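Me: I should like to learn how to read a structure that I have not seen before. Could you guide me through the features in turn?

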Amino acid sequence: MTNIRKVTVLGTGVLGSQIAFQTAYCGFEVTAYDISDEALATARKRFTGWAAAYRADNYPGAAEGQADATIDKIKLTTDLAEAAADADLVIEAVPEVPEIKTSTYEKLAQVAPEHTIFATNSSTLLPSSFMDATGRPDKFLALHFANHIWRLNTAEVMGTDKTDPAVYDTVVEFAEEIKMVPIKVLKEQPGYVLNSLLVPFLNAGAGLLVGGVADAETIDKTWRIATGAPLGPFQIFDVVGLNTAYNITSANPAPAAQAFAKLLKEEYIDKGKLGRETGEGFYKYN
Ligand code: NAD
């Protein structure tokens, strides 16, 4: 068992709210910090939504009231010093904007106790870009969750060459304590393990579609039948959400990526078809 008891989560958006909820669900003392009362009010609504999702998914303990009880256990604050005051671990899930992350770490470094470990949930930015701002590169690393963390429960743990191996091991153990499957990433890699596999795969599917080689259903069917995988690339796009797919694809200057971005925007996003969450994307859902 680790010495981590008190965990602070910075940013209570899509991922931060899930990290705070799952960590509190697993019995840790959790404080969630965001920049405004409006953001914290949204966080409260998100927690209620996660409790319902745990119940709907029959997550162990949820039917016995543990999910609803978790909502009020999470302390919410807009005061960073209060949030960090006696944290053993701070997990940062603020927007994926380098300037916001850097300034968050600079402020956090002033107020967090010396022993506190900092972890970033960044999807695309390497932890070494922020290690100097943390003032404690030896106690800093990435701990990267997947959306819907209670179900899709990988936690990629990736240090820099300055991360203390003992800190790394502690965070791996903590990930297990909050019911994640820790994925040990042994060196810095943009996209960690998961997105290093997934992004080229999805791009290949998109290329086949916009190149007119096969339609989305045929591409998915081929992948499912021939590999035994449960989902093909376009079913995965629907899970990820077509807005996110568009944001990533439109930033890629390759002609096939630009053609796919145009298709996503004109045929799906502009028509309100954003994937599973809205009931329709490449496929229709109940
Ligand atoms: P989000 O936009 O849903 O949430 C960001 C939250 O941070 C908001 O509540 C916002 O009010 C708050 N915020 C803004 N400025 C802040 C500041 N200075 N200090 C503290 N909080 C601030 O974003 P998200 O999707 O939850 O992503 C957060 C991080 O998690 C990013 O680094 C992202 O790469 C990573 N991530 C996201 C996903 C995903 O599927 N959404 C998956 C894995 C990792």
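**Glu96 and its surroundings**

Reply: Let us begin with a single side chain: that of Glu96 reaches the backbone nitrogen of Ser123 at 3.2 Å. Please note that this is a predicted model.

Me: With which side chain does Glu96 make a polar contact?

Reply: A polar contact is a pair of N or O atoms within 3.5 Å. The side chain of Glu96 makes such a contact with the side chain of Ser122, at 2.9 Å.

Me: Where does Glu96 lie in the chain, and is Glu96 buried or exposed?

Reply: Glu96 belongs to the loop between strand S4 (89-92) and H5. A residue is called buried under 20% relative accessible area and exposed over 50%, with partly exposed in between. Glu96 has 35% relative accessibility, and therefore counts as partly exposed.

Me: Which residues are in contact with Glu96, leaving aside its neighbours within four places in sequence?

Reply: They are Lys101, Ser122, Ser123, Thr124 and Leu125. For Leu125, the separation from Glu96 is 29 residues in sequence, while the C-alpha atoms are 7.7 Å apart in space.

**The ligand**

Me: How many residues surround the ligand, and which are the closest?

Reply: The shell consists of 23 residues, and the closest are Val14, Leu15, Asp34, Glu96 and Lys101. Glu96, already discussed, is thus among the closest residues to the ligand.

Me: Which atoms of Leu15, Asp34 and Ser123 should I examine beside the ligand?

Reply: In Leu15, look at the backbone: a polar atom there is 2.8 Å from an oxygen atom of the ligand. In Asp34, look at the side chain, where an N or O atom is 2.6 Å from a ligand oxygen. Ser123 also presents a polar side-chain atom, 3.1 Å from an oxygen atom of the ligand.

Me: How much of the ligand's accessible area does the protein cover?

Reply: On its own the ligand has 830 Å² of accessible area, and the protein covers 76% of it. The elements giving two or more residues to the shell are helix H1 (14-25), helix H5 (98-111) and strand S6 (140-145).

Me: What classes of residue make up the shell?

Reply: Ten residues are nonpolar, ten are polar and three are charged.

**Two strand residues**

Me: How should I read a residue within a strand, such as Thr31?

Reply: One may ask for its element, its accessibility and its contacts. Thr31 is part of strand S2 (residues 29-33). Its relative accessibility is 13%, so Thr31 counts as buried. Beyond its neighbours within four places in sequence, Thr31 touches Val7, Thr8, Val9, Lys75, Thr77 and Ala83.

Me: What does the same reading give for Val185, in terms of element and accessibility?

Reply: Val185 lies in strand S8 (residues 181-185). Val185 is buried, as its relative accessible area is 6%. Its contacts, again apart from neighbours within four places in sequence, are Glu156, Val157, Met158, Tyr168, Tyr192 and Val193. The C-alpha atoms of Val185 and Glu156 are separated by 6.5 Å, with their positions 29 residues apart along the chain.

**Backbone angles**

Me: What is notable about phi in Asn58 and His148?

Reply: In Asn58 phi is near 55°, a positive value in a residue other than glycine. His148, not a glycine either, has a positive phi of about 70°.

Me: Where are these two residues placed, Asn58 and His148?

Reply: Asn58 is in the loop between helix H2 (37-56) and helix H3 (66-71), and is exposed with a relative accessible area of 61%. His148 is in the loop between S6 and strand S7 (154-159); at 27% relative accessibility, His148 counts as partly exposed.

**The whole chain**

Me: How many helices and strands does the protein chain have, and why does its radius of gyration agree with that of a compact globule?

Reply: There are twelve helices and eight strands. A compact globule of 286 residues would have a radius of gyration near 19 Å, and the chain has 20 Å, which agrees. The C-alpha trace spans about 55 × 45 × 35 Å along its principal axes.

Me: What share of the residues counts as buried?

Reply: Of the 286 residues, 46% count as buried. The accessible surface of the chain comes to about 14,000 Å², and 55% of that belongs to carbon and sulfur atoms.

Note on methods:
Residues are numbered from 1 along each chain as its sequence is written. This is a predicted model: local features need pLDDT of at least 70, side-chain atom pairs count only at pLDDT 80 or more; totals for chains, interfaces and linings use all residues. Side-chain values use heavy atoms; hydrogens and water are left out. A residue is near a molecule or strand if one of its heavy atoms lies within 4 Å of it. A polar contact is a pair of N or O atoms within 3.5 Å; within protein, one must be able to donate a hydrogen and the other to accept it, and residues adjacent in sequence count only if both atoms are side-chain atoms. Accessible areas come from the Shrake-Rupley method with a 1.4 Å probe; for residues, only the protein chains shown count as cover. Helices (H or I, at least four residues) and strands (E, at least two) are DSSP runs, numbered from the N terminus. Ala, Val, Leu, Ile, Met, Phe, Trp, Tyr, Cys and Pro count as nonpolar, Asp, Glu, Lys and Arg as charged, and the others, Gly among them, as polar. The radius of gyration is taken over C-alpha atoms; the globule rule is 2.2 Å times the number of residues to the power 0.38. Buried means under 20% relative accessible area, exposed over 50%, partly exposed in between (1.4 Å probe, protein chains only). Contact means heavy atoms within 4.5 Å.
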